[in-house]
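Please look through the structure shown here. The text after it takes the metal site, then the core, then one loop position.

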Amino acid sequence: MSVLKKIYHLGYAVEDLDVATRFYETHFGVSPSEPEEVEEQGIRAVMFPVGESMIELVEPTRPDSPVGKFIEKRGQGFHHVAFQVEDLRAALRDLKADGVELIDEEPRIGAGGYRMAFLHPQGAFGVLTELVELPKSG
Ligand code: CO
């Protein structure tokens, strides 16, 4: 059985969060969340649902943050995929045991207050891959 439950979100790196948010509001009628700043990652982010998944628009708050460097090097565009998993700590432990390259060996708190961790894109065919564990309901 796959540990990947669903695509939780796709992350797009954008230079101007407000402009990008307005684009999706205006042309696609989406309902974005309020912008949220994650100081540790140097980002401001907005999420909006598309069916069962979400799009996360990510703007760097400083040029030397990972997303800032990404835009400088590769321009705006697709940045990462986030998969929902049931047990993030167990998933990271298994990946590490398999020799998969991780950016975060321990879960940290990302946008939305959820536990998340990044795998290294070099070990995942060039795609920055995020794993997210949602709080258990109830
Ligand atoms: Co994300």
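**The cobalt site and its surroundings**

In this predicted model, the cobalt ion has as its protein donors H9 (NE2), E56 (OE), H80 (NE2) and E130 (OE), which lie 2.0 to 2.2 Å from the ion. Along the chain, the donors of the cobalt ion are spaced as H-x46-E-x23-H-x49-E. H80 belongs to strand β5 (residues 77–84) and E130 to strand β8 (residues 128–133), so this pair ties together parts that are 50 residues apart in sequence. H80 and E130 are both buried.

The site of the cobalt ion is irregular, with angles of 85 to 171° among the four donor atoms. A tetrahedral site would need all angles between 85 and 135 degrees.

Next comes the nonpolar core. The largest one has 11 residues in all: V81, F83, V85, L88, A91, L92, L95, L102, A117, L119 and L131. Two or more of its residues come from each of β5, α3 (88–97) and β7 (115–119). The most is given by α3, with four residues. In soluble globular proteins, nonpolar side chains tend to be buried together. Leaving out residues up to four places away in sequence, L92 touches L102, D104, E105, E106, P107 and A117.

The last position is in a loop. S33 sits between α1 (17–28) and β2 (36–38). Is S33 buried, partly exposed or exposed? Its relative accessibility is 32%, so S33 counts as partly exposed. Apart from residues up to four places away in sequence, S33 touches V46 and M47. From S33 to R74 the separation is 41 residues in sequence and 26 Å in space, C-alpha to C-alpha.

Terms used:
Residues numbered from 1 in each chain as written. Predicted model: local features only at pLDDT ≥ 70, side-chain atom pairs only at ≥ 80, totals over all residues. Heavy atoms only, no water. Donors = N, O, S within 2.8 Å, 3.2 Å for Na, K, Ca; no water. Tetrahedral: all angles 85-135°; square planar, octahedral: opposite > 155°, others 65-115°. Buried < 20%, exposed > 50% of the residue type's maximum accessible area, 1.4 Å probe, protein only. Core = buried A, V, L, I, M, F, W, Y, C linked by side-chain atoms within 4.5 Å. Contact = heavy atoms within 4.5 Å.
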